[in-house]
Amino acid sequence: MENQISPKAEMAEVPHAAEVAELELQAVIGFNGHVPNGLKCHPDQEHLVYPLGCTVLIQAINTNKQDFLHGHGNNVSCVDVSNSGEYIASGQVTYMGFKADIILWDYKKRELIARLSLHKGKIEDLAFSPNDLYLVSLGGPDDGSVLVWSIAKRDAICGSPAAGLNVGNATAVIFSGGCDEMFVTAGNGTIRVWELDLPNRKIWPTECQTGQMKRIGLCITMPSDDSFFYLGTTTGDVLKMNPRTKLMADTGPVKDKFSLGVTAIKCLKMGVLLVGSGTGLLVLCKSPSYKPIKKIQLQGCITSITLRGEGHQFFVGTEESYIYRVNFTDFKETLITTCHFEAVEDIVFPFGTDELFATCAKRDIRVWHTLSNRELLRITVPNMTCHSIDFMRDGKSIISAWDDGKIRAFAPETGRLMYAINNAHRIGVTAISTTSDCKRIISGGGEGEVRVWQISCQTQKLEEALKEHKSSVSCIRVKSNDEECVTASTDGTCIIWDLVRLRRSQMILANTLFKCVCYHPEEFQIITSGTDRKIGYWEVYDGSVIRELEGSSSGSINGMDISVDGAHFVTGGKDHMVKVWDYNEGEVTHVGVGHSGTITRLRISPGNQYIISVSADGAILRWKCPFTT
């Protein structure tokens, strides 16, 4: 009887759940370039459709206005837009043995029409029929089936195993250009032309013959007259197949094959082909020689080529999350979108302004313009990982912590290296912070040392090494008067240091790996969080715990920031949700759902205008701040 909750207690808990409002997502900087053919130009020629994590983005080409389609529970693995532009279909990945959803969206209303669930594990590819009658879907390696869905009835018509028993998986599908009853699938050693027999609810496959040639197909394209279809392969050549005779017409190039395979292919009018390779080479060529007529080199493996209208202009997406616009006539590329393609480790605003912010990822630091989502500066250090960044208070340098044990300072306008402190820490620099007088840097290392550096115009001198932590330092915050700082570590301690006498003044112990720490603006309390999912309020004076809140129901909390007035704070972590908390009440007031990777860090902008959160899938999300000063 003691364990049962009384009806009154249950009733008391309900209103809090109802009161949690949704955070308004304003903008997303991100594009998942790893999705094959993920970038699509809508037939209205004004919008791009592309995936990012579990969201599908619709972005206006001219104004950059974004709309978001939320509905998938896991990463989007394929996207297609119907020929009329009325529908968008997207498929997702899920855990082995579970059903993977296909979602049919209404483009105009930007809302979910139907959820189609039959495949298991992963949706490999999707294709609409030319007159929007059917949608064909291809299951992943654990599923191996091809299904035809009726768009009008929102139901499956028929299905079949996608490939024969003695060949590999099919990975690409395309519908015929003019006929609603024919489509083609291709994959590892298999090329099949399928015909839909609607009265009998069956699909009949015919295997295409390629003679002695064995190829793994990556991408297919078919002109609107269905005369031939072209298949790009991992070998780096293109196969031209006849869908009526099911025989190979020709193949090429014979000698100079496309390095790292043909990863994207698109057929233009008059039999001209656009071919994208694994090395980022975009080539205009023609059957039967497939010799380059025009070519340009882009950054990263090309995964998508999509035409705007007839192809007078087209867009190219690469694995390194670049989106280029190319005009057909002069064949010159213009970069229109770029973002991090690796986990973003940190985000920071300069002191007193929310117009800019900086982020750091595996090998680069980028400075962004907040409102336009435009990248203003990129600082790249090859083969290194940047763990943490901070702006000096005077705005004259960006201080960064790197895994090669160096602290590097860059000029924020030019990206020029101003100075580097070599061997700052033994096992990489993991956290960094600066004092408001711009004369000191406090850094934390992978070995657990906290080091205080004196910075002057020409020299950088080690003032003190504070050896208390036993494991890597994850977060450093400095008090506004520069006389005290707090460091959080994964050894389960938070230490408050006296920066005048350079020794420990307080220590906080908890059974957790601390990931983040914040001073309350009045600086008599700190809040911490970490892998035990609890948010702890602590007294600075004696290190005693004031209270603990349950911060998340699953996974660690990695990022935390507090508003200027101390009334609210935000947290984010492994549960992919941004939560806004009332500091005094200890209640969640707003929740933001949009990330599909683990949130690594988040910040409230200096004027309480925005909350910016960054995640392990390379996305940067800007939310409207629900409270204003």
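## Cysteines without partners

A disulfide is a pair of cysteine sulfur atoms within 2.5 Å. Keep that cut-off in mind while looking at Cys485: the closest cysteine sulfur belongs to Cys475 and sits 11 Å away, so the two are too far apart for a bond. Cys485 is also buried, with a relative accessibility of 0%. By the way, what you have in front of you is a predicted model.

Cys208 tells a similar story. For Cys208, the closest cysteine sulfur is the one in Cys179, and because 15 Å separates the two, that is too far for a bond. Cys208 counts as buried as well, at 6% relative accessibility. Search the whole structure and you end up with 0 disulfides.

## Two domains in contact

Now for the domains. The domain assignment of the protein chain gives domain 1, covering 341–479, and domain 2, covering 510–628. Where they touch, domain 1 brings 23 residues to the contact and domain 2 brings 27. Measure from C-alpha centre to C-alpha centre and the two domains lie 21 Å apart.

How much area do domain 1 and domain 2 bury between them? The answer is about 2,000 Å², with 62% of it on carbon and sulfur atoms.

## What holds hands across the boundary

Charged and polar groups turn up at this boundary too. Between domain 1 and domain 2 there are 2 salt bridges. There is also a salt bridge between Arg601 and Asp346, whose closest N and O atoms are 3.9 Å apart. Count residue pairs in polar contact between domain 1 and domain 2, both at pLDDT 80 or more, and you get 8.

Which strands supply the side of domain 1 that touches domain 2 with at least two residues each? They are β31 (346–348), β32 (356–360) and β43 (473–478). Of these, β43 gives the most to that side, with 4 residues.

## Salt bridges across the structure

Step back to the full model and the salt bridges add up to 26. One of them joins the side chains of Lys122 and Glu124, with 3.3 Å from N to O. Are these two buried or partly exposed? Lys122 is partly exposed, with a relative accessible area of 27%, while Glu124 counts as buried at 16%.

Another salt bridge brings together the side chains of Arg363 and Glu320, at 3.6 Å from N to O. This pair links distant parts of the chain, 43 residues apart. Arg363 sits in the loop between β32 and β33 (364–369), and Glu320 sits in the loop between β28 (313–318) and β29 (322–327). As for accessibility, Arg363 counts as partly exposed at 32%.

## A small network

Some salt bridges join up. Which residues are linked in a network of salt bridges? Asp364, Arg366, Glu375 and Arg378 are.

Look inside that group and you will find Glu375 forming a salt bridge with Arg366, their closest N and O atoms being 3.0 Å apart. Arg366 counts as buried, with just 1% relative accessibility.

Technical notes. Residues are numbered from 1 along each chain as its sequence is written. This is a predicted model: local features need pLDDT of at least 70, side-chain atom pairs count only at pLDDT 80 or more; totals for chains, interfaces and linings use all residues. Side-chain values use heavy atoms; hydrogens and water are left out. Buried means under 20% relative accessible area, exposed over 50%, partly exposed in between (1.4 Å probe, protein chains only). Domain bounds come from an automatic or database domain assignment. Contact means heavy atoms within 4.5 Å. Buried area is the accessible area (1.4 Å probe) that two parts lose on being put together, summed over both. A salt bridge is a side-chain nitrogen of Lys or Arg within 4 Å of a carboxyl oxygen of Asp or Glu. A polar contact is a pair of N or O atoms within 3.5 Å; within protein, one must be able to donate a hydrogen and the other to accept it, and residues adjacent in sequence count only if both atoms are side-chain atoms.
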